[in-house]
Amino acid sequence: MKAVHFGAGNIGRGFIGLLLSQGGYEVIFSDVNERIVEELKQRGEYTVTLAEEGASGIQVTGVTAIDGRDPAAVAEAVASADLITTAVGVNILKHIAPGIAAGLKLRLQRGGEPLHLIACENAIGASAKLKEQVLALLQPEEAAAVSAMAAFPDSAVDRIVPLQHHEDPLAVTVEPFYEWVINRSQMLPGAEELPGVHYVDDLIPFIERKLFTVNTGHCSAAYAGYSKGYATIQESMKDEDIAAFVQSVLKESGDMLIEAYGFHRAEHEAYILKIIDRFRNPYLTDEVVRVGRSPLRKLSHEDRLVRPALRALELGLPAQRLAEAMALALRFDESSDPEATQLQESIRELGPAGALAAASGLPEEHPLVAAAVSRYDELAKL
Ligand SMILES: NC(=O)C1=CN([C@@H]2O[C@H](COP(=O)(O)OP(=O)(O)OC[C@H]3O[C@@H](n4cnc5c(N)ncnc54)[C@H](O)[C@@H]3O)[C@@H](O)[C@H]2O)C=CC1
Ligand SMILES: O=P(O)(O)OC[C@H]1O[C@](O)(CO)[C@@H](O)[C@@H]1O
């Protein structure tokens, strides 16, 4: 069984590639990073280390790579794969869509064996988005044939994998915890299930719980830590004010999730505490700049701050702390991050309310924008 995985980065090697290889797949990574591709091709294996006491390495074998910029190689890999997965970043999906579309056309010409394509990105409906982008590149009759041959089940992936600073470019250190949830109802009938994966018939409660707890909390810690000059999440979470702030943000998103989906309160509170503990993992060093990366994406309408806040307001629940986290995101003035630079330019040009409105799609006069800007102004005075 051959799996083609787009993106041999932290989640690609440290989570999806590892699980697929353990599940008996030969894993062919497609990436645009020449060094990573060459190393994977030459060595055919790499080490994943779990960040815990007495951590030992897991050897991932049976892997190779292709150059993601080689259209013929990508198309051939897709045409002959038994499974396709991605972890490239939700905004990069459009760049891999042409290679996937070409591969699916080739596959149709060769008889059209059924195929699942699963985007493992931090976003709601990422596989559906990939499907839309792929189908848009095909003629109507090809698109119909691909829709019958291939399924794009959505999924939620959870494992903290920080930036890697090893001598070995393939080595990757990951937190021990992982969760990969796939929407079974979007799969082809009779499809085999992957070991280590949790299948559900309705993914929305799972992905919202994950995104609006792990990712909402993590980015809140990152932006609060950045504003106080901390370099890592671990340092930030040692600051009691930040830890209390993160907990208060997660109380708001948690109350919304409990109300919206009927999660058991005590279980959800335990889930929050477990996640806060994961942020603190002393065996990891996770830079605030990584966790806060791409603030425009994180401030967008469907992402981890605005969406839970809007849903909380719709349910008559408070969203003040979530608005404060948005204010801190507006203060993420990190020159190494292109979206942060763009956001700061937007603030200079449009003011904080205009910039937040532009990023979130909310009207400037929306109460969330007002609450975030009021906190933004207060932060300027500290
Ligand atoms: N790192 C983490 O802790 C988690 C990340 N995620 C999600 O996983 C996805 C990947 O994140 P990371 O692995 O952290 O990022 P990363 O930056 O480590 O990996 C992304 C990889 O995609 C490759 N890439 C870029 N353009 C490409 C193209 N056109 N074709 C093929 N490969 C291409 C890059 O070279 C890189 O190796 C993101 O959507 C992220 O939100 C989800 C859960 C946890
Ligand atoms: O690309 P993004 O959305 O910033 O993803 C990274 C986030 O995902 C996580 O891995 C959690 O799933 C966190 O480490 C981090 O907050």
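What follows walks through the predicted model, from its overall confidence and domains to its two ligand sites and a few buried spots.

The structure is a predicted model, and its scores come out at ipTM 0.97 and pTM 0.95. Averaged over the protein chain, pLDDT is 97, and 100% of the residues reach at least 70.

The chain splits into two assigned domains, with domain 1 running over 2–202 and domain 2 over 205–381. Their C-alpha centres sit 28 Å apart. Where the two meet, domain 1 puts in 16 residues and domain 2 puts in 17 residues. On the domain 1 side, that contact is made up of 10 nonpolar, two polar and four charged residues. UniProt, in an unreviewed entry, marks residues 1–191 with the feature "domain: Mannitol dehydrogenase N-terminal". That stretch is 36% helix and 26% strand, and the C-alpha atoms at the ends of 1–191 are 14 Å apart.

Ligand 1 has 25 residues around it, and the closest are Gly7, Gly9, Gly68, Glu121 and Asn122. Helix α1 (10–22), strand β2 (26–31) and helix α4 each supply two or more residues to this shell. The top contributor is α1, which gives three. Sorted by class, the shell around ligand 1 holds 12 nonpolar, 10 polar and three charged residues.

For ligand 2, the surrounding residues are Asn122, Asp158, Ile160, Val214, Asn215, His218, Cys219, Val291 and Arg293. Asn122 is also listed among the closest residues to ligand 1. Helix α7 (residues 204–227) makes the largest contribution to the ligand 2 shell, with four residues. By class, this shell has four nonpolar, three polar and two charged residues. Ligand 2 lies between the domains, because domain 1 (2–202) and domain 2 (205–381) both give residues to its shell.

Back in helix α1, Gly12 is worth a look. Gly12 counts as buried because 25 other C-beta atoms lie within 10 Å, the cut-off for that label being 20 or more. Leaving aside residues up to four places away in sequence, Gly12 touches His5, Gly7, Gly17, Phe29 and Ala87. One of these contacts, Gly7, also turns up among the closest residues to ligand 1.

Gly12 and Val161 are 149 residues apart along the chain, yet their C-alpha atoms are separated by 10.0 Å. Val161 sits in the loop between β9 and β10 (172–174). With 23 C-beta neighbours inside 10 Å, Val161 is likewise classed as buried. Outside the residues up to four places away in sequence, the contacts of Val161 are Asn10, Ile11, Gly14, Phe15, Val172 and Val174. Val161 also has Thr285 at a C-alpha to C-alpha distance of 9.7 Å, although 124 residues separate the pair in sequence.

Another buried patch shows up in helix α5 (residues 126–135), where Ala126, Ser127, Lys129, Leu130, Lys131 and Val134 are all buried. The elements covering these α5 residues include β6 (83–86), α4 (93–109), β7 (115–119) and β9 (155–158). Of these, α4 also gives residues to the shell around ligand 1.

Terms used. Residues are numbered from 1 along each chain as its sequence is written. Chains are lettered from A and ligands numbered from 1 in the order in which they are written. This is a predicted model: local features need pLDDT of at least 70, side-chain atom pairs count only at pLDDT 80 or more; totals for chains, interfaces and linings use all residues. A residue is near a molecule or strand if its C-beta atom, placed from the backbone, lies within 6 Å of it. Ala, Val, Leu, Ile, Met, Phe, Trp, Tyr, Cys and Pro count as nonpolar, Asp, Glu, Lys and Arg as charged, and the others, Gly among them, as polar. Domain bounds come from an automatic or database domain assignment. pLDDT is the predictor's confidence in each residue, from 0 to 100. Two residues are in contact if their C-beta atoms, placed from the backbone, lie within 7 Å. A residue is buried if 20 or more other C-beta atoms lie within 10 Å of its own, exposed if 12 or fewer, and partly exposed in between; C-beta atoms are placed from the backbone. UniProt positions are given in the numbering used here, feature names are shortened, and annotations may be inferred rather than shown by experiment.
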